[in-house]
Amino acid sequence: MANWTIKNVAFRGVTGTVPNHPVKTSDIPLFTQEEADTFDQTVGIRNRYWSSDDICTSDLCADAAERLITALGWEKQSIDVLLFVSVTPDYKTPPTSAILQDRLGLPNSTFVLDVPMGCCGFMYGINVAGNLLTAGTAKRALVLIGDTAARMGSKNDKSRLPLFGDSGLAIALEYDEAASDIFIDMNTSGDGYSALMTPHGGYRHPVTPESFVEEDFGHGIIRAPKDALINGMDVFAFAISKPVKSMKAILEEKGIDTEKDVDYFLIHQANKLIVDRIVKKLKLNPDKVPYNLQKFGNLGGASIPMIMCSEIAEDLQKRPLNLVASAFGLGLTWATMMFKTTPMTVLPLNLL
């Protein structure tokens, strides 16, 4: 197991921003009303927020970050680390984290880094930022996570378009010698990379006129090589197997009783079928597994911190919590994280 132990790092706050454009499944032209109703019931995603073409992930993250910095009373000069965790940057170059450093008015000494990870982005962000803070050289970090994933794919791809929503989340971390350890088990199986990918647009396959030619794959799946794709069956098989083994292994290694020792299990909100299967396989108490995919859809790396904002905010603000998080996606990657929080700042979501 690729275990990481992060010491001396505390969660101080979290908040999120979504576009001011809610979209019900029945609003999507690809569906009849009957198909929309079936999708809502089986996949569990009834609403999602989509950004307009003039709103980027960095806009959503910047709004969340500004509000969180103000609420915490942090001087911007005290922020040592800024991570931008996203697969939808402003540009190929320069890194969006550098643009956000200037936009947020952070000092030139701030360490900035783009982390181009998808659904495991929360774990990657906490792992990288946590390891930068753990020695105490850096004291405060902002981890900004989000995507405008709906715009990555074809508007004619029924297998992908209705699954994703857009958001930007901000998480504040601080060096604290009294903080409980954070444990993360991270894994990669790169041989499955083609199950979730965008074929054209990088340097392996640069954009050409052929990149825009759509192909009909049947079953309502129409897309071009420039569009992100999902191989649904491969992803489903992966999501209900390897992440479960990771969670079992780390729970057993740490001697964790899922009923007595854990307040909530935060599972990446891919779709209801996957989350339900994971809950069943691990024999988890459903009362300890909050869902929010019905409100936001699949938010990629922002999925887990959004659960913190939308579903357990009151508990996070009032009392210490023992949390176990599980995510899986692009790469293919999967990760399990165990962490404890003390009362922290959780701001209401904002619409942009």
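Modeller: Helices here are DSSP runs of H or I with at least four residues, and strands are DSSP runs of E with at least two, both numbered from the N terminus. The structure discussed is a predicted model.

Biologist: How many helices and strands does the chain have?

Modeller: The count rests on the DSSP runs just defined. By that count, the chain has 10 helices and 18 strands.

Biologist: What radius of gyration does the chain have, against that of a compact globule?

Modeller: The C-alpha trace spans about 55 × 45 × 35 Å along the principal axes of the chain. For 352 residues, a compact globule would have a radius of gyration near 20 Å. The chain agrees with this expectation, because its own value is 19 Å.

Biologist: Among contacts in the chain between residues at least 6 apart in sequence, what percentage join residues at least 24 apart?

Modeller: A contact requires heavy atoms within 4.5 Å. Among contacts that pass the separation of at least 6, the share joining residues at least 24 apart is 78%.

Biologist: What percentage of the residues of the chain count as buried?

Modeller: The chain exposes about 15100 Å², and carbon and sulfur atoms supply 53% of that area. A residue is buried when its relative accessible area is under 20%. Of the 352 residues, the share that counts as buried is 54%.

Biologist: In what order do the five strands of the open sheet stand?

Modeller: The pairing in this sheet is mixed. Its edge strands are β1 (3-6) and β14 (264-267), each of which pairs on one side only. The twist averages 15° from one strand to the next. Read across the sheet, the order is β1-β9-β16-β15-β14.

Biologist: Which helix packs on the sheet by touching β14, β15 and β16?

Modeller: Helix α4 (residues 121-133) packs on the sheet by touching β1, β9, β15 (321-329) and β16, and its direction makes about 125° with that of β9. The helix asked for has a direction that makes about 135° with that of β14. It spans residues 303-310 and is helix α9.

Biologist: Which residue of β16 is the bridge partner of F183?

Modeller: Strand β9 (residues 182-188) pairs with strand β16 (residues 333-341) in the antiparallel sense, over six bridges. In this pairing, T188 stands opposite T333 in β16. For F183, the bridge partner is M338.

Biologist: How many bridges join β15 to β16?

Modeller: These two strands run antiparallel, and A325 stands opposite M337 in β16. Their hairpin has three residues between the strands, and in it G331 takes a positive phi near 140°. The number of bridges joining β15 to β16 is nine.

Biologist: How many of the residues of β16 are buried?

Modeller: The cut-off for a buried residue is under 20% relative accessible area. Strand β16 has nine residues, and it is largely enclosed by the rest of the structure because so many of them meet the criterion: eight.

Biologist: Is N47 buried or exposed?

Modeller: N47 is found in strand β4 (residues 47-49). A polar atom of its side chain lies 3.5 Å from the backbone nitrogen of V23. Beyond four places in sequence, the contacts of N47 include P22, K24, L293 and F296. With a relative accessible area of 14%, which is under the 20% cut-off, N47 is buried.

Biologist: With which side chain does the side chain of S211 make a polar contact?

Modeller: S211 is found in the loop between β10 (196-197) and β11 (215-216), and it counts as buried because its relative accessibility is 0%. Leaving aside neighbours within four places in sequence, S211 is in contact with H200, P206, A224, P225 and K226. The polar contact has a distance of 2.8 Å and is made with H200.

Biologist: By what distance are the C-alpha atoms of D80 and M338 separated?

Modeller: D80 lies in the loop between α2 (57-72) and β5 (81-85) and is partly exposed, with a relative accessible area of 23%. Its contacts beyond four places in sequence include S109, F111 and R140. D80 and M338 are 258 residues apart along the chain, and their C-alpha separation is 25 Å.

Biologist: How far apart in space are T32 and T88, C-alpha to C-alpha?

Modeller: T32 is placed in the loop between β3 (22-24) and α1 (33-43), where it is partly exposed at a relative accessible area of 44%. T32 and T88 are 56 residues apart in sequence, and their C-alpha distance is 30 Å.

Key. Residues numbered from 1 in each chain as written. Predicted model: local features only at pLDDT ≥ 70, side-chain atom pairs only at ≥ 80, totals over all residues. Heavy atoms only, no water. Pairing = 2+ DSSP bridges. Axes fitted to C-alpha atoms, helices over the stretch in contact; angles between N-to-C directions. Rg over C-alpha atoms; globule rule 2.2 N^0.38 Å. Buried < 20%, exposed > 50% of the residue type's maximum accessible area, 1.4 Å probe, protein only. Areas by Shrake-Rupley, 256 points an atom, 1.4 Å probe, with all protein chains shown as cover. Polar contact = N/O pair within 3.5 Å; in protein donor to acceptor, adjacent residues only side chain to side chain.
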